[in-house]
Amino acid sequence: MDITTIQGNINQEGFFIFAAADSKYFDDYAKPLINSVLANTPNYGVHIHIYDPRPDQLEYCNTKQKVSCTYEYLDHTQFELVTDYWLTRTSFSNERQRQMYKKGKGNGREFLLDLIKKTYYACTRFIRLNEILQPGQNCLAIDVDGLVRKPFSYKLNPPADFYLYEKPKDGTHLAGALLFTGNEGSVKFLNEYAAEIKLNIKQNELYWFCLLYTSDAADE
């Protein structure tokens, strides 16, 4: 599957919060997220990457202070081809791939098509973040359905390369909240991570939690 060209621009000089959404999730979640950031951490900016945005959504971002956006318009026929690939493939390299195949067979084509689109949205956001994040710049990448409920500080001493959210129950790490500190290791990790995700997408390896299998660094 080909990755489309990014459009729009980023206007964030300092620390900012990054999230991505399609047009529906933008209405449902991105607007509340933007408002929560501006209300509770007014010194921080917000950047949203939007898949298939409407003109009014782009205008919304352009009229908000400390808010910027990038976007892309997708060729949805490619998602149909990826769905065909998953319904007919016969070999798998990990259990997540097998689960994706079984979900398609068990729940039907439309279910699988929707899951593939959501997987693209979840994965490609890190490619887009890598394209816009400048070396030395701090950024918190979160799921778009999150909210900022009170002020917080992103400054950590000494800073690690990046920080992941750890689930309290089992100690696993998810991509729902990643803090990039902007140092050399942070830039290197995001560069490599985005490159691996892009390669997977080009090979139609779009399956839920494929982020876990894109690089050794992501598994650690």
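Two strands pair if DSSP finds at least two bridges between them. Helices (H or I, at least four residues) and strands (E, at least two) are DSSP runs, numbered from the N terminus.

The model is predicted: local features need pLDDT of at least 70, side-chain atom pairs count only at pLDDT 80 or more, and totals for chains, interfaces and linings use all residues. Residues are numbered from 1 along each chain as its sequence is written, and side-chain values use heavy atoms, with hydrogens and water left out.

**Exercise 1. Strand pairing around S7**

Task: Find which residue of S7 stands opposite Leu-164, and state in which sense S6 and S7 pair.

Solution.
- Step 1. Strand S6 covers residues 162-166, and its pairing with S7 is antiparallel, over five bridges.
- Step 2. Opposite Leu-164 stands Leu-178 in S7.
- Step 3. Leu-178 in S7 also has Ala-141 opposite.
- Step 4. S5 and S7 pair over four bridges, in the antiparallel sense.
- Step 5. Six residues lie between the strands in the hairpin of S6 and S7, where Gly-171 has a positive phi near 75°.

**Exercise 2. The second largest pocket**

Task: Describe the volume of the second largest pocket, and list the residues nearest its centre.

Solution.
- Step 1. On a 1 Å grid over the protein atoms alone, a pocket is an open set of points with protein on both sides within 12 Å along at least five of seven lines, whereas a cavity is a set where a 1.4 Å probe fits but cannot get out; lining residues have an atom within 4 Å of a point.
- Step 2. Grid points are joined across faces, edges and corners, and a volume is the space filled by probe spheres set on the points.
- Step 3. By this method the second largest pocket has a volume of about 250 Å³.
- Step 4. Its lining holds 13 residues, and those nearest the centre are Leu-140, Ile-142, Leu-147, Val-148 and Arg-149.
- Step 5. Strand S5 (139-142) and strand S7 (173-180) are the elements that give two or more residues to this lining.
- Step 6. Sorted by class, the lining of the second largest pocket has seven nonpolar, two polar and four charged residues. Here Ala, Val, Leu, Ile, Met, Phe, Trp, Tyr, Cys and Pro count as nonpolar, Asp, Glu, Lys and Arg as charged, and the others, Gly among them, as polar.

**Exercise 3. The buried sides of H4 and H6**

Task: Explain why the buried residues of H4 lie on the same side of the helix, then treat H6 in like manner.

Solution.
- Step 1. Buried means under 20% relative accessible area, exposed over 50%, and partly exposed in between (1.4 Å probe, protein chains only).
- Step 2. Helix H4 (residues 95-107) has 13 residues and spans 18 Å from first C-alpha to last, close to the 18 Å expected at 1.5 Å a residue. The expected span is 1.5 Å times one less than the number of residues.
- Step 3. Gln-97, Met-100 and Gly-104 are buried in H4. These residues are on the same side of H4 because they cover an arc of only 60° around the axis. The arc is that of the directions from the helix axis to the C-beta atoms.
- Step 4. Lys-102 and Gly-106, on the other side of H4, are exposed.
- Step 5. Helix H6 (residues 184-202) has 19 residues and reaches 27 Å between its end C-alpha atoms, close to the 27 Å expected at 1.5 Å a residue.
- Step 6. The buried residues in H6 include Phe-189, Tyr-193 and Ile-197. The buried set covers an arc of only 125° around the axis, so it lies on the same side of H6.
- Step 7. An α-helix has 3.6 residues a turn, so residues three or four places apart point the same way.
- Step 8. Asn-204 follows H6 and has a positive phi, near 65°.

**Exercise 4. Strand S3 and a loop**

Task: Determine whether the residues of S3 are buried or exposed, and locate Asp-52.

Solution.
- Step 1. Seven of the seven residues of S3 are buried.
- Step 2. Gly-45, His-47, His-49 and Tyr-51 point one way from S3, while Val-46, Ile-48 and Ile-50 point the other way.
- Step 3. Strand S2 (residues 16-22) pairs with S3 in the parallel sense over seven bridges, and Asp-22 stands opposite Tyr-51 in S3.
- Step 4. Asp-52 is in the loop between strand S3 (45-51) and helix H2 (55-63), and its phi is positive, near 55°.
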